[in-house]
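Colleague: I am new to this model. Please take one part of the interior, go through it slowly, and explain each term when it comes up.

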Amino acid sequence: TPGCGFGTITRKNTATTTMITGVADTISGNNSSNVSQTLASAACLQPELQVTKTQDTTSFVSGATTRYVMTYTNAGAGAGNNSKISDSLTYTNNAGAGNVAFTNVEDAATFVSCVAANGAVCPSSGLANKAFASGASGTRALYSGAIVPTWPSGGTITVTYDVTSTSNGCGFGTITRQNSASTAVASGLTDSNTVNTTNTVSQTGASPVCPTVNLQLNKPQKPA
């Protein structure tokens, strides 16, 4: 039976007989008979999308560059064509500093590469360089909802970004930056296991120390 996921099929086979013209059938109630069969259609094979990620340092340092590598995998039996991949940065800092880290940090995100394997195809758009000025939102999307047009079972997509961050302020406490990758199946598909569709790594570091000054006053006076 071609196709899948369309419920239960019922098939009936009916046999009939009729008399020739001019001859009467003494019992016409048994001139037909039927049998039937039922069959459930096959379940459609579904994808199971997963994402893992790495960063080359766990320390946030103003002016330094962090490399993020996101690997998206279809571990399910079915294709995940037209499913989406995303990745974003978020900032927080210790509560005592008023949670203003993201307002003092600017990011330059450089798209390095997208490598597809095992029959998958990288998104044709959505992966590009991004710049976020200080004061930008606390959640900064490197890419959001980039569509993977072809994603067979076993296919992988590996995306690499370099992010250089610069702090424009000082004295606002410990910065925590998280990078979260996620994936979601296309409309009409069902992910057979959604537990591993997100993955997050984090960094911490101290905001720059504010410069200090040492004011002095020397005031001589003459004897009266």
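Modeller: What follows goes from the nonpolar core to a residue in it, then to a disulfide, an acidic residue and a glycine.

The model is predicted, so local features need pLDDT of at least 70 and side-chain atom pairs count only at pLDDT 80 or more, while totals for chains, interfaces and linings use all residues. Residues are numbered from 1 along each chain as its sequence is written, and side-chain values use heavy atoms, with hydrogens and water left out.

A nonpolar core is a set of buried Ala, Val, Leu, Ile, Met, Phe, Trp, Tyr and Cys residues joined through side-chain atoms within 4.5 Å. Buried means under 20% relative accessible area, exposed means over 50%, and partly exposed lies in between, using a 1.4 Å probe and protein chains only. The largest such core holds 23 residues, and Tyr72, Ile85, Tyr143 and Val159 have the most contacts inside it. Two or more of its residues come from each of the strands E3 (49-55), E4 (65-74), E5 (83-93), E8 (139-148) and E9. Strands (E, at least two residues) and helices (H or I, at least four) are DSSP runs numbered from the N terminus.

Contact means heavy atoms within 4.5 Å. Neighbours within four places in sequence set aside, the contacts of Val159 include Tyr72, Ile85, Tyr143 and Cys114.

Cys114 leads to the disulfide. A disulfide is a pair of cysteine sulfur atoms within 2.5 Å, and the count by this rule is 1. Cys114 and Cys122 form it, with 2.1 Å between their sulfur atoms. The link is left-handed, at -95° about the S-S bond. Cys114 is partly exposed at 21% relative accessible area, whereas Cys122 is buried at 19%.

Strand E5 also carries Asp87, which is buried with a relative accessible area of 2%. Its side chain makes a polar contact with the side chain of Lys53 at 2.7 Å. A polar contact is a pair of N or O atoms within 3.5 Å; within protein, one must be able to donate a hydrogen and the other to accept it, and residues adjacent in sequence count only if both atoms are side-chain atoms. Beyond four places in sequence, Asp87 is in contact with Tyr72 and Tyr143, among others.

Finally, Gly169 lies in the loop between strand E9 (156-167) and strand E10 (174-184). Gly169 is buried, at 15%. Outside its neighbours within four places in sequence, Gly169 contacts Asn104 and Pro208. Its C-alpha atom is 7.6 Å from that of Val105, 64 residues away along the chain.
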